[in-house]
Amino acid sequence: MKPIGASEAADRNARFPVGAAITIDQLTGDLHPTLKRLRTTEPISWLPAIGGWLVTDYRTAVEILRDPVRFTVDDERFTTGRVVGPSMLSTDGDEHQAHRRPFESMFRRAPVVEFTDAIRRTARQLVTGFEPDGGAELRTAYAAPLATSVIASFLGFHDGSRSAAAEAEVDQRLLSAYRTIVDTVVGLGTGTSQPGDAAGAMADLGELVDRAVRHGGPMAELADRDDVSSDRLRSNIAVILFGAIETCEGMTANAITHVLADGAAVRRFRTGTVKVDRVVNESLRLEPAAAVVDRYATAEIEFAGPAGPVPIAVGDLVEVSLAGANRDPSVFVDPDRFDPDRAKVGQHLAFARGPHVCLGLHLAKLQTSIALDVLLEELPTIQLDDARSTPPRGHIFRKPERVTARW
Ligand code: HEM
């Protein structure tokens, strides 16, 4: 794909003045006023700050997510594939199906629900480790270790016969491999890393996968399939970890903040007068932990915009703002309010739509529901410490740095 020329860039900047003035900082901190301005004036806008189009209205967002033929993920600028190899996250069409299909059945709702007790046990262990009559920063002390432990255990990296210390060691190895892979993926985008920088981490992950295969369980079943080669197993396990760790940590941290900040929500949660699923969905709508997803145009496409046609060229980056679409007032009335009773609460795009819809959405929702439930049950006097908590931040992944609570 050739970059657009200077005159074309100037022309786009002139046609999309609101987008042209936006900085990456405005898309990282309190981004909602910026997204609202864009949605109102330029719902599909050219943003030099991201070098692509940003889509903030719900209808266009869904249209793009459901159209992998014209809006693909299969592009070398999508750096994950260059680090972990081809996987479901970086392919489309038949190849995507071939990567994704073997993993689908284990992530369906029914097998995930069977994991309820295991998640509850882990959440309880973490909470009972807190000092009584004390406090903690719950993103790092609760949401993050829960996220790693749940996915490690769900995929069979934990062998039930081993000690808690051995499980914690596996979690640390997975986390360390994961962090190197993420840093390398991010560094490729900014020119500060090479795909090979993650070779050691991919090898370590491969060793943990081989060990999990030997233990039997879900990984052994996957490895047994004719359509799952060892490379395919590793790359897709890497993207599953990639999908599960950071996002679940953010999702749980955001949900804890939303609930604790709203006294009525805490009371209703405790008395069972609001469905947990509604609370979790509303939190996902208001602050999706993955705020944007990227696509690349494979054809010339023209959308209708409020100020005339919006011409997208072959190869253009099209960033879909899930955070923006989730506050589109044409779908969600009074969109900036946390309101678990709202109509269409489950229609948010936090897990995307279309062929790449989040594989782990049932597990993620179950995990956050249990995390909230255990916290409010075990710590009856819990309160958010506003002065020592921070709002969510991040352009791609969004989470608060600190969710401090006392009890
Ligand atoms: C157990 C936890 C999770 C697992 C195992 C998981 C796994 C995955 C995988 C493997 C994909 C790629 C699917 C494909 O390309 O076909 C995916 C996509 C996605 N996931 Fe998750 N995920 C989890 C949690 C979350 C959470 C908490 C969020 C956000 C709140 C999230 C948001 C997304 C989004 C937006 C996509 C679409 C990516 C795209 O279209 O480019 N995921 N997830």
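Here are four short exercises, with worked solutions, on helix packing and the ligand site of this predicted model.

**Exercise 1. Describe how helix α15 packs on helix α17, and say which residues make the contact.**

*Step 1: geometry.* Two packed helices are described by the angle between their axes and the distance between the axes. Take α15 (residues 276-286) and α17 (residues 361-378): their angle is about 110°, and the axes lie 10 Å apart.

*Step 2: orientation.* Angles of 65 to 115 degrees count as roughly perpendicular. α15 and α17 are therefore roughly perpendicular to each other. The crossing of α15 past α17 is right-handed.

*Step 3: residues.* From α15 come Val276, Asp277, Val279, Val280, Asn281 and Leu284, while α17 supplies Lys365, Thr368, Ser369 and Leu372. Sorted by class, the residues of this contact between α15 and α17 are five nonpolar, three polar and two charged.

**Exercise 2. Work out how helix α8 crosses helix α9, and find the make-up of their contact by class.**

*Step 1: geometry.* The axes of α8 (residues 116-128) and α9 (residues 138-154) come within 10 Å, crossing at roughly 145°. The handedness of the α8 and α9 crossing is right-handed.

*Step 2: residues.* On the α8 side you will find Ile119, Thr122, Ala123, Leu126 and Val127; they meet Ala141, Tyr142, Pro145, Leu146, Ser149 and Val150 of α9. The contact of α8 with α9 has nine nonpolar and two polar residues, with no charged ones.

**Exercise 3. Decide how helices α10 and α13 are oriented to each other, and list the residues that meet.**

*Step 1: geometry.* For α10 (residues 164-190) and α13, the axes come within 11 Å and the crossing is at roughly 100°. α10 and α13 are therefore roughly perpendicular to each other.

*Step 2: residues.* Leu174, Leu175, Tyr178, Ile181, Val182 and Val185 of α10 meet Leu241, Phe242, Ile245 and Glu246 of α13. Classed, the α10 and α13 contact holds nine nonpolar residues, one charged and no polar.

**Exercise 4. Characterise the shell around the ligand: its nearest residues, its polar side-chain atoms close to ligand oxygen, and its elements.**

*Step 1: nearest residues.* There are 27 residues around the ligand, and His96, Arg100, Arg295, His356 and Cys358 come nearest.

*Step 2: polar atoms.* For each of three residues, look at the distance from a polar side-chain atom to an oxygen atom of the ligand:
- His96: 2.7 Å
- Arg100: 2.8 Å
- Arg295: 2.6 Å

*Step 3: elements.* Two or more residues of the shell come from each of α6 (93-104), α13 (230-260), β5 (292-297) and α17. α13 gives the most, with six residues.

*Step 4: classes.* The shell around the ligand consists of 20 nonpolar, five polar and two charged residues.

Terms used:
Residues numbered from 1 in each chain as written. Predicted model: local features only at pLDDT ≥ 70, side-chain atom pairs only at ≥ 80, totals over all residues. Heavy atoms only, no water. Axes fitted to C-alpha atoms, helices over the stretch in contact; angles between N-to-C directions. Helix = DSSP H or I, 4+ residues; strand = E, 2+ residues; numbered from the N terminus. Parallel < 35°, antiparallel > 145°, perpendicular 65-115°, else oblique. Left-handed = near helix turned anticlockwise from the far one by under 90°. Contact = heavy atoms within 4.5 Å. Nonpolar A, V, L, I, M, F, W, Y, C, P; charged D, E, K, R; others polar. Near = heavy atom within 4 Å. Polar contact = N/O pair within 3.5 Å; in protein donor to acceptor, adjacent residues only side chain to side chain.
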